[in-house]
Amino acid sequence: METLVKTDSCESFHIHYGRAFFGMVCGEDLAAERILRQLYPEGAKCASCGAPIIGRRALDTFWHGDRTHCASCNSKFSPRAGTILAESKLSYSQFEIIIVCLSLGLDHQRIAPLANVHVDTVAAWATK
């Protein structure tokens, strides 16, 4: 028989299960690849020279959202370079949670604890 855990409030119950849900659905690797595929619909390319990224290891690194090496110009770059995420400190997961929740019409005060960010961060992204 399952035991119910008493929570401090209905709000903390929603935050706990919201975080658990988004933790499963918006894991960092999955979120990185989904977001980067939206930002690079034509495929992975170098932020410096624009050459396509080739090679299994370089492509895996790129789609995981990590710094990648370009064989064409010998530069290292982040796939965030030159995108809306270029100066952001958000993880791909946090960004995805904010975007999904904003698209569902949740208010900033409800989104902030789900993404583990300040409400002002959510408000700033809502205006972009």
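1. Let's start with the charged pairs: the structure holds 4 salt bridges, a salt bridge being a side-chain nitrogen of Lys or Arg within 4 Å of a carboxyl oxygen of Asp or Glu. Please keep in mind that this is a predicted model, where local features need pLDDT of at least 70 and side-chain atom pairs count only at pLDDT 80 or more, while totals for chains, interfaces and linings use all residues. Residues are numbered from 1 along each chain as its sequence is written, and side-chain values use heavy atoms, with hydrogens and water left out.

2. A good pair to look at is arginine 34 and glutamate 96, a salt bridge whose closest N and O atoms are 2.7 Å apart. The two partners lie 62 residues apart and link distant parts of the chain, with arginine 34 in helix 2 and glutamate 96 in helix 4. Helices here are DSSP runs (H or I, at least four residues), numbered from the N terminus.

3. Is glutamate 96 buried or exposed? Its relative accessible area is 11%, so glutamate 96 counts as buried; buried means under 20% relative accessible area, exposed over 50%, and partly exposed in between (1.4 Å probe, protein chains only). Arginine 34, at 35%, is partly exposed.

4. Glutamate 96 sits in helix 4, which runs over residues 92-103. Leaving aside residues up to four places away in sequence, glutamate 96 touches Cys26, Ala31, Arg34 and Ile35, where contact means heavy atoms within 4.5 Å.

5. Now to helix 2 (residues 28-39), whose 12 residues reach 16 Å from first C-alpha to last, close to the 16 Å expected at 1.5 Å a residue. That expected span is 1.5 Å times one less than the number of residues. Ala31, Ala32, Ile35 and Leu36 are buried in helix 2. They are on the same side of helix 2 because they cover an arc of only 120° around the axis, the arc being that of the directions from the helix axis to the C-beta atoms. The buried residues of helix 2 pack against helix 3 (56-63) and helix 4.

6. Helix 3 has its own charged pair: aspartate 60 forms a salt bridge with arginine 56, with closest N and O atoms 4.0 Å apart. These partners are separated by about one helical turn, because they are 4 residues apart in helix 3. Aspartate 60 is partly exposed at 39%, and arginine 56 is exposed at 71%.

7. Finally, aspartate 107 forms a salt bridge with arginine 110, again with closest N and O atoms 4.0 Å apart. Aspartate 107 is partly exposed at 37%, and arginine 110 is partly exposed at 40%.

Methods:
Helix = DSSP H or I, 4+ residues; strand = E, 2+ residues; numbered from the N terminus.
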